[in-house]
Amino acid sequence: MLTEDDLIDMAGWPVLKRARSILSSGAVQSASLKGNLLKGIVSAGKKQLSAGLLIRSQTDTDNLCTCLESKRDGQICAHTIAVALATIEGLPEKRTPVEKPKQPSKATAWQIFIPGAF
């Protein structure tokens with residue numbers, strides 16, 4: 001079973017911090033850990049990234065994320081760590097957006113000062 005300490009060892013504290021932000025924003029759409037395969041889907045703007053890890057040992061892992069950072073640098077990215085966090089902590093509840101109440105229009109000067117104008 002993965003722990004936060006394992007994730008820090010794998011990717012470092014700055015990546016874990018970014019992953020927490022990704023998870024709390026609701027960008028992690030799915031996450032599962034079956035045996036040594038971690039996989040999930042993360043929204044990144046208009047894109048859906050397939051993120052995950054193939055875990056052979058704590059020091060031998062393959063990052064499976066399709067993001068540019070992962071492909072370019074070959075490092076474990078925040079998307080993958082966010083998926084891992086979701087398997088540890090669970091996905092945040094989906095929140096229904098609350099519609100802002102419409103502000104009443106501001107009164108004009110003639111409405112304020114002319115008696116009977118209302």
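Let me begin with helix H2, where Val15, Leu16, Ala19, Ile22 and Leu23 are buried. These five side chains are confined to an arc of only 115 degrees around the axis, which puts them on the same side of H2. The general rule behind such a pattern is familiar: an α-helix has 3.6 residues a turn, so residues three or four places apart point the same way. I should state at once that we are looking at a predicted model.

What lies over this buried side? The cover includes helix H1, residues 4–11, together with strands E1 and E2 and helix H4, residues 78–89. On the face turned away from the buried side, H2 carries the exposed residues Pro14, Lys17 and Ser24.

The length of H2 can be checked as well. The helix has 12 residues, numbered 13–24, and at 1.5 Å a residue it should span 16 Å. Its end C-alpha atoms are 17 Å apart, which agrees with that expectation. After H2 comes Gly26, with a positive phi near 85 degrees.

Let me now place this helix in the whole chain. The protein chain contains 5 helices and 4 strands. Read from the N terminus, the order of elements is α-α-β-β-β-β-α-α-α.

I turn to the strands. The 4 strands form an open sheet in the order E1-E2-E3-E4, and the pairing is antiparallel. Strand E1, residues 28–34, and strand E4, residues 60–63, stand at the edges; each has a single partner strand, so one side of each is left without a neighbour in the sheet. On average, and with direction ignored, neighbouring strands of this sheet are turned by 15 degrees against each other.

Within the sheet, strand E2, residues 37–44, is joined to strand E3, residues 47–57, by 8 bridges, and the two run antiparallel. Here Ser43 stands opposite Gln48 in E3. From E3 we pass to E4 by a hairpin of 2 residues. These two strands also run antiparallel, joined by 4 bridges, and Ile55 stands opposite Thr61 in E4.

Which residues of E4 point to the buried face? They are Thr61 and Asn63, whereas Asp60 and Asp62 point to the other face and are not buried. As a general matter, in a regular strand the side chains alternate between the two faces of the sheet.

Next, a single residue in helix H4, namely Ile88. Is Ile88 buried or exposed? Its relative accessible area is 29%, which lies between the 20% limit for buried and the 50% limit for exposed, so Ile88 counts as partly exposed. Leaving aside neighbours within four places in sequence, Ile88 is in contact with Leu2, Thr3, Glu4 and Leu7. Ile88 and Ser32 are 56 residues apart along the chain, and their C-alpha atoms are separated by 9.7 Å.

I close with the totals for the chain. Of its 118 residues, 31% count as buried. The accessible surface comes to about 8300 Å², and 55% of that belongs to carbon and sulfur atoms. Finally, among contacts between residues at least 6 apart in sequence, 48% join residues at least 24 apart.

Terms used
Residues numbered from 1 in each chain as written. Predicted model: local features only at pLDDT ≥ 70, side-chain atom pairs only at ≥ 80, totals over all residues. Heavy atoms only, no water. Pairing = 2+ DSSP bridges. Axes fitted to C-alpha atoms, helices over the stretch in contact; angles between N-to-C directions. Buried < 20%, exposed > 50% of the residue type's maximum accessible area, 1.4 Å probe, protein only. Contact = heavy atoms within 4.5 Å. Areas by Shrake-Rupley, 256 points an atom, 1.4 Å probe, with all protein chains shown as cover. Expected span 1.5 Å × (residues − 1). Arc of directions from axis to C-beta.
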